Amino acid sequence: MPNENMTTIAIVGQKGGAGKTTLARVLASAALASKQRVHVIDTDPQSAFSRWYARVSKNGGGALPEDRFHIEVQHDADALAARVDELYEAGDTDLVLIDTKGELTEWTGKVMREADRLIMPVMPTPTDIEIQLQTLDFYEDLREMHPDDFPPLACVLTRVPPNGKRSKAEERSVAEIASQFPIVPTVLVARASYIKMDEEGFLHVLRQRIAENPAERLQVKNIEETLSEAVDIFNEVMEFTDEG
Ligand SMILES: Nc1ncnc2c1ncn2[C@@H]1O[C@H](COP(=O)(O)OP(=O)(O)OP(=O)(O)O)[C@@H](O)[C@H]1O
Ligand SMILES: [Mg+2]
């Protein structure tokens, strides 16, 4: 039976290194921690997510339980549409996450149209924002072409310095985005725990491992804070509307 509640989220944005794949792993961690069944479609030719998954799984950092997580590589945008339909019809997936490469082409437009929601990570620096604003223009053009059938988009601020201080120029750049698109309230802080996730595996799995290992107990607070940030971002990404 189809799963009417299945949600497909594509993580987009032209800027390389903005944190697309990191955000995809963060959302997967949060959804898995909330007992959802997650399916990742990795459309990036560099296959960063799938390589990462293969690597961390060998050391026990993959999804737990394994049967609630699947990942596949798919570079063909037309085949992608069929896969999303199949997952919907099969009914055993709650969240589909599409990780993408940073480009603005016909391919990007096709991938965007397969999603129910789009999210774009933005590092709040003037250069990154300038490049991501081009993604927003690209998105607006496509949305005008398909006014009744194009997913809403929200931004997530990423790699935000832990002290949260922003220069005037950064404030202005963020305000420029916020005047046009919703920005989810919780930001992805630049944290050692995200580097640990890159090295070792999903956040909820790290939390469990750290809690069970007396030598790592001191890190429990860090990882719990990070997972709670992940869950907040996930909930906000599931809830935003076109109105902001
Ligand atoms: N919040 C964060 N805290 C610490 N490190 C981070 C954070 N976000 C991203 N990084 C690191 O920054 C680098 C780039 O991030 P990531 O690979 O997620 O970007 P991307 O947008 O997917 O890049 P690409 O365009 O190559 O696909 C990675 O090494 C990642 O571990
Ligand atoms: Mg990536």
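These legends walk through several close-up views of a predicted model.

**View 1. The shell around ligand 1.**
Start with the ligand. There are 18 residues around ligand 1, and Gly16, Lys20, Thr21, Thr22 and Tyr194 come nearest. Two helices, H1 (20-33) and H7 (192-200), each put at least two residues into this shell. As for chemistry, the shell around ligand 1 is a mix of six nonpolar, seven polar and five charged residues.

**View 2. Strand S5 and its two partners.**
How many of the six residues of strand S5 are buried? Five of them are, so this strand, residues 117-122, is largely enclosed by the rest of the structure. S5 has strand S1 (residues 7-11) as a parallel partner, joined to it by three bridges. It also pairs with strand S6 (residues 153-157), again in the parallel sense, over five bridges. To find your way across these strands, pick out isoleucine 119 in S5: it is the bridge partner of isoleucine 11, and in S6 isoleucine 119 has alanine 154 as its bridge partner. Helix H5 (residues 126-145) belongs in this view too, since S5, H5 and S6 make a right-handed β-α-β unit.

**View 3. The largest nonpolar core.**
This core holds 62 residues, and those touching the most other members are Ala10, Leu27, Ala28 and Leu97. Helix H1 gives the most to this core, with eight residues. Zoom in on leucine 97, and you'll see that it touches Ile9, Ala24, Leu27, Ala28, Val38 and Val40, not counting residues up to four places away in sequence. A bit of background: in soluble globular proteins, nonpolar side chains tend to be buried together.

**View 4. Helix H8 and what covers it.**
Which residues of helix H8 are buried? In this helix, residues 203-212, they are Leu203, His204, Val205, Leu206, Arg207 and Ile210. What covers them includes H1, H7 and helix H9 (220-239).

**View 5. Strands S2 and S3, with aspartate 42.**
Strand S2 (residues 38-42) and strand S3 (residues 69-73) run parallel and are joined by five bridges. Between these strands the chain passes through helix H2 (residues 48-58), and this β-α-β crossover from S2 to S3 is right-handed. Aspartate 42 sits in S2, and its bridge partner in S3 is valine 73. Is aspartate 42 buried or exposed? It counts as buried, because it has 25 C-beta neighbours inside 10 Å and the cut-off for buried is 20 or more. Leaving aside neighbours within four places in sequence, aspartate 42 is in contact with Ser47, Phe49, Ser50, Ile71, Glu72, Val73 and Asp99. Valine 187 is another matter: its C-alpha atom and that of aspartate 42 are separated by 24 Å, with their positions 145 residues apart along the chain.

**View 6. Two loop residues with positive phi.**
Most residues other than glycine have a negative phi. Lysine 35, in the loop between H1 and S2, has a positive phi near 70°. Lysine 35 is exposed, with 9 other C-beta atoms within 10 Å. Now look at serine 47, in the loop between S2 and H2. Its phi is positive as well, at about 50°, although it is not a glycine. Serine 47 is partly exposed, with 18 other C-beta atoms within 10 Å.

**View 7. Glutamine 14 in its loop.**
Where does glutamine 14 lie? Look in the loop between S1 and H1. Despite its place in a loop, glutamine 14 counts as buried, with 20 C-beta neighbours inside 10 Å. Setting aside its neighbours within four places in sequence, it is in contact with Gly102, Glu103, Leu104, Ile131, Gln132, Gln134 and Thr135. Glycine 60, in turn, is 46 residues away along the chain, and the C-alpha atoms of glutamine 14 and glycine 60 are separated by 32 Å.

**View 8. Aspartate 198 and arginine 25.**
Aspartate 198 is found in helix H7, one of the helices that supply the shell around ligand 1. It counts as partly exposed, with 15 C-beta neighbours inside 10 Å. Aspartate 198 and arginine 25 are 173 residues apart along the chain, yet their C-alpha atoms are separated by 8.9 Å.

Conventions: Residues are numbered from 1 along each chain as its sequence is written. Chains are lettered from A and ligands numbered from 1 in the order in which they are written. This is a predicted model: local features need pLDDT of at least 70, side-chain atom pairs count only at pLDDT 80 or more; totals for chains, interfaces and linings use all residues. A residue is near a molecule or strand if its C-beta atom, placed from the backbone, lies within 6 Å of it. Helices (H or I, at least four residues) and strands (E, at least two) are DSSP runs, numbered from the N terminus. Ala, Val, Leu, Ile, Met, Phe, Trp, Tyr, Cys and Pro count as nonpolar, Asp, Glu, Lys and Arg as charged, and the others, Gly among them, as polar. A residue is buried if 20 or more other C-beta atoms lie within 10 Å of its own, exposed if 12 or fewer, and partly exposed in between; C-beta atoms are placed from the backbone. Two strands pair if DSSP finds at least two bridges between them. A crossover is right-handed if, with the strands pointing away from the viewer, the path from the first strand over the helix to the second runs clockwise. A nonpolar core is a set of buried Ala, Val, Leu, Ile, Met, Phe, Trp, Tyr and Cys residues joined through C-beta atoms within 7 Å. Two residues are in contact if their C-beta atoms, placed from the backbone, lie within 7 Å.
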